[in-house]
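Student: I would like a close look at a single part of this structure, please. Pick a stretch that you find instructive, and set it against the whole so that I can follow along with the coordinates open.

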There are 2 protein chains.
Amino acid sequence: MADIRNSIENFTMNFNEAFLEKAEGYRRPLRSALCAPVGTVRMEKRGDRWEAVAENSPLLPRELGKGESVCYDFGDHRVGFVSFTLESAGSPPDAPAHLRIKLGERPCEIGEDTASYSGSISSSWLQEEFIHVDVLPAAVSMPRRYAFRYLEITAVDTSPKYRVVVKDVECRTVTSADTGALKPAPSDLPPRLKRLDDIAVKTMEDCMQDVFEDGPKRDRRLWIGDLRLQAQVNYLTFGNLDLVRRCLYLFAGVTQNEGSVGACMFTEPRVIVDDTRLFDYSLFFVSCLYDYWRETGDRETLANLAPTAFRQIELSEKLLDDNGLIVEPEGWWCFLDWNDDLSKQAGAQGVFIYAAGQAAALADALGDGERAGYLRSLRDRLIAAAERFLWDGDALFYRSGKDGQISYASQVWMILSGAADRERARDILTRLLRNGNDLKMTTPYMHDHFVKALMECGMYCEGFEYVAGYWGAMADDGADCFYEIFDPESPDTSPYGSMMINSFCHAWSCGPAYFIRKYWDRLTPRQKAELA
Amino acid sequence: MADIRNSIENFTMNFNEAFLEKAEGYRRPLRSALCAPVGTVRMEKRGDRWEAVAENSPLLPRELGKGESVCYDFGDHRVGFVSFTLESAGSPPDAPAHLRIKLGERPCEIGEDTASYSGSISSSWLQEEFIHVDVLPAAVSMPRRYAFRYLEITAVDTSPKYRVVVKDVECRTVTSADTGALKPAPSDLPPRLKRLDDIAVKTMEDCMQDVFEDGPKRDRRLWIGDLRLQAQVNYLTFGNLDLVRRCLYLFAGVTQNEGSVGACMFTEPRVIVDDTRLFDYSLFFVSCLYDYWRETGDRETLANLAPTAFRQIELSEKLLDDNGLIVEPEGWWCFLDWNDDLSKQAGAQGVFIYAAGQAAALADALGDGERAGYLRSLRDRLIAAAERFLWDGDALFYRSGKDGQISYASQVWMILSGAADRERARDILTRLLRNGNDLKMTTPYMHDHFVKALMECGMYCEGFEYVAGYWGAMADDGADCFYEIFDPESPDTSPYGSMMINSFCHAWSCGPAYFIRKYWDRLTPRQKAELA
């Protein structure tokens, strides 16, 4: 998720060095593997869409004269460091070799002219480099980490006397996921869902680096909204608990004004918190800690980090009016989904209810009955306000904001929070599934929460059908990993103004591995057969 | 000099490992110094010409948002490695910094759009890099060596949330010239000639690297035509004899088909000879060895390398017809000057006469009277042929080629060879100075030989006036070093189709330091006063 908008005024940072030492202590060396291209492709535009067409020729050293290119296909998504050997053909090289290196997760990133990019976020994320090589032959090791499947090398210029020869192209991948520790998916998964599980696990693997990154191409950072979903998937797949602990301690290790947990963290050259604050994201520190505690029973971490979690509740209360209803501030204050038209009030109210319940459970675990009681009463007050001011008994939907907007996000978070009882929840979800909502969900992140709502209401068949439909459409689109953004009705559009800048391996999309491992066996054999 | 044309067919190389070991043994570590910019400038186009306008502001850290630039002026020509520090201003950097780094010896290289280059030699020589910096703050050390005075840094993109801050810009220069060993120019030089001497010495210094390079921006190679002039200047300035020895052994260490000395050498990643063969350049091995022997009296080097020198004479004889006159082959066979319209026959005949006389002297030094005798008779035969077929007793000029072309190059080489006696030589030169010649000299290299002809005929005043005129015009043009190419009547044109690609520090232009040190004291006090 790229924050391109407002930041906190008079931003300050609070450092907790003990927590940062803990975070550093949970850092583990990355795992590496060497991989080579499986072939070469050429990119062709068919309609509005760039496609990779295999050249079906053996991987021989490739000679390039001025303006000529070769595009390698690594066969799957890779995150790592690229190297290759350059030689020369013809006369001795009498001028440097000037090369353009383009890397793309998807064909459009290779096919489109990078210079034509005029999207809303920084063009510096586009994976295109220009290098001069003064002496040939040369072993070229690109110093930056890339996320890609396709690697194009173009000889911008050599000289009339020689051509450059490219060979020994390879990638040293990096991840903090131990594929040997991967917990298997259910053995009776139908192939289509197995494929989605594989893609989700690959997405997860490629986003697991020194921290849980949102996307290894962009923004390559620890966002707490992404962390929450990643940690949930991680518990059921790679089980890398150190990485979760590390990330929890990072968020608690540097907080913003008033002790607020930031939306995202930077870890290089030193750990700092970004100046972006989001209402829901701060509260997700509670959720992340709650999930971790439930998974591990680790009392020490709980005791260390609970004060930070409770602080997020206290700060969030400041946004309540006398009725216990959230008052929407100006600007970019709550994420929920990547949609400027979305009223965030009801969704935020839902997230607050959700987190308040989790915080009460943490207080219980710590034996702090007084706090637990307060948090439960807060939760009740929030639910009451939602019932009184947001629930529309005629429309039978929750409304949000001064215009009374009805959206997926508002319904989903009210359901996940437990504000809606199961009967109402199933009714809402059934009508949403049948009739849809004008305000479409834009991110797989929001779709993930929609599926969680279905599953938690016991609508397993509907949940898996939805997964097969939405994530399945990404697989049909040719996804090697699940995307940051995907609209099945318009797969080639970007909220940033250019597909080139989209992240095509984005952790908040890896939910299928969670749903499959957690809910597949809730299905009857007959239901399983119907999903096959 | 950039060879963009033909090469030898069925090219082979002959390695003499003992000579290459000698060459390696004479290699010395380069000398380094740190230097910083003296200020910042902006480039402005005035008419057809880019000029650097000083900003007259102190050298503070410079903040750059998307699309913004800063151009540093290092105050003089530099050859070395650039480094700088990058920091950030605003929010934490949430996207890589994408920078363009342009380096220029002259303002036009900064001002012109590199992408517009469509000249005849490789655009890969243009000193423009694009880099991504993922983590800020960062100490950036550019890995390639550049030749420049101006360094422009542009923030291609940062992000809407931060700006990049540039500071601590510096350059670690490299040279194999020991400025502490520089032999001083005559103390009574007038300021204008002193300035030319300074520029020539600076040109020399910046071209003295691991070998004598033609130009540190382009082509960064050891060419024997340039070596000959550089060694001559070196004897009178820095006196780095190891570097001359190293270069002689390199040329003899790898020769072309039949033992021909190549026009230029590559030294990285291993020593090889280029596949370019030029008649005059091969013969200049004789001249380089002759000059070295005269300078040092080093019998061991003479004995080792004389066979290679004599071989060049033998190979050159193959181009003679029965009359002892050179027959012009097709293609790019003899350089003389950077001019496609120039008939090379007479100039080549002159170079052959010149080298044959020097070879005879080397044979004498080795006590090889038989060879010396043969070489003298060869020289006589070449002179006789020139006299009979090339000298035009009516026009009182030497002619060249089937069209009987009259050029500076033909006259100059006949004079330098000794084929014309002093009276005829002075007459020719006087008329050339008075009337000019339609076929203009294009390179400072050719102008250098013209001045040598004047000086060797005792026309010292004319010689220094010529130096003050031609090289002085380069100084007036704002030269920090002397250029590869310069036409005072049209200073902003390039034979390559773009000024951007010209080399503005080129060793074959450093003759003034030679002329001044060798001939200044031949002037009478009155002549000196007239030149002031």
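Tutor: Happy to. Two residues are in contact when heavy atoms of theirs lie within 4.5 Å. Please keep in mind that this is a predicted model. With that meaning of contact, take the pairs in chain A that are at least 6 apart in sequence: 77% of their contacts join residues at least 24 apart.

A little more on the whole chain will help before we zoom in. Chain A has 15 helices and 17 strands. Its C-alpha atoms fill a box of roughly 80 × 55 × 45 Å along the principal axes. The radius of gyration of chain A is 25 Å, which agrees with the value near 24 Å for a compact globule of 532 residues. Of those 532 residues, 64% are buried. Chain A exposes about 19,500 Å², and carbon and sulfur atoms supply 47% of that area.

Now to the part I would choose: strand β3 of chain A, which covers residues 39–46 and contains E44(A). Let us start with its pairings. β3(A) pairs with strand β4 (residues 49–54) of chain A over six bridges, in the antiparallel sense. In that pairing, K45(A) stands opposite W50(A) in β4(A). The two strands β3(A) and β4(A) form a hairpin with two residues between them, and G47(A) in the turn has a positive phi of about 65°. β3(A) also pairs with strand β6 (residues 69–90) of chain A, again antiparallel, over three bridges. There, V41(A) stands opposite C71(A) in β6(A).

Within β3(A), E44(A) deserves a closer look. Is E44(A) buried, exposed or partly exposed? Buried would need a relative accessible area under 20% and exposed one over 50%; at 24%, E44(A) therefore counts as partly exposed. Leaving out residues up to four places away in sequence, E44(A) touches R49(A), W50(A), E51(A) and V53(A). That brings W50(A) back into view, the residue opposite K45(A) across the hairpin. The side chain of E44(A) also makes a polar contact of 2.8 Å with the side chain of R42(A). If you step from E44(A) to P107(A), you travel 63 residues along the chain, yet their C-alpha atoms are separated by 8.6 Å.

For contrast, try a residue in a helix. Y354(A) has its place in helix α8, residues 345–365 of chain A. With a relative accessibility of 14%, Y354(A) counts as buried. Setting aside residues up to four places away in sequence, Y354(A) touches R228(A), Q232(A), S287(A), W413(A), L416(A) and S417(A). With R228(A), one of these, the link is also polar: a contact of 3.1 Å joins the two side chains. To relate this site to the hairpin, draw a line from Y354(A) to D48(A): their C-alpha atoms are separated by 42 Å, with these positions 306 residues apart along the chain.

There is a further sheet in chain A that makes a useful companion to β3(A). Three strands form an open sheet in the order β12-β14-β15, with antiparallel pairing. β12 (222–223) and β15 (272–273) each have a single partner strand and stand at the edges, so one side of each has no neighbour in the sheet. Two bridges join β12(A) to strand β14, residues 264–266 of chain A. W223(A) has C264(A) in β14(A) as its bridge partner.

Finally, look across to chain B. About 3,000 Å² is buried between chain B and chain A, and carbon and sulfur atoms give 52% of it. P92(B), H132(B) and K161(B) lose the most area to chain A among the residues of chain B, together 18% of what that side buries. The contact takes 40 residues from chain B and 41 residues from chain A.

While you are in chain B, visit N240(B), in the loop between α4 (224–236) and α5 (241–253). N240(B) is buried, with a relative accessible area of 17%. A polar atom of the N240(B) side chain lies 3.4 Å from the backbone nitrogen of D242(B). Apart from neighbours within four places in sequence, N240(B) is in contact with S176(B), M208(B) and N234(B).

Terms used
Residues are numbered from 1 along each chain as its sequence is written. Chains are lettered from A and ligands numbered from 1 in the order in which they are written. This is a predicted model: local features need pLDDT of at least 70, side-chain atom pairs count only at pLDDT 80 or more; totals for chains, interfaces and linings use all residues. Side-chain values use heavy atoms; hydrogens and water are left out. Helices (H or I, at least four residues) and strands (E, at least two) are DSSP runs, numbered from the N terminus. Buried means under 20% relative accessible area, exposed over 50%, partly exposed in between (1.4 Å probe, protein chains only). A polar contact is a pair of N or O atoms within 3.5 Å; within protein, one must be able to donate a hydrogen and the other to accept it, and residues adjacent in sequence count only if both atoms are side-chain atoms. Two strands pair if DSSP finds at least two bridges between them. The radius of gyration is taken over C-alpha atoms; the globule rule is 2.2 Å times the number of residues to the power 0.38. Accessible areas come from the Shrake-Rupley method with a 1.4 Å probe; for residues, only the protein chains shown count as cover. Buried area is the accessible area (1.4 Å probe) that two parts lose on being put together, summed over both.
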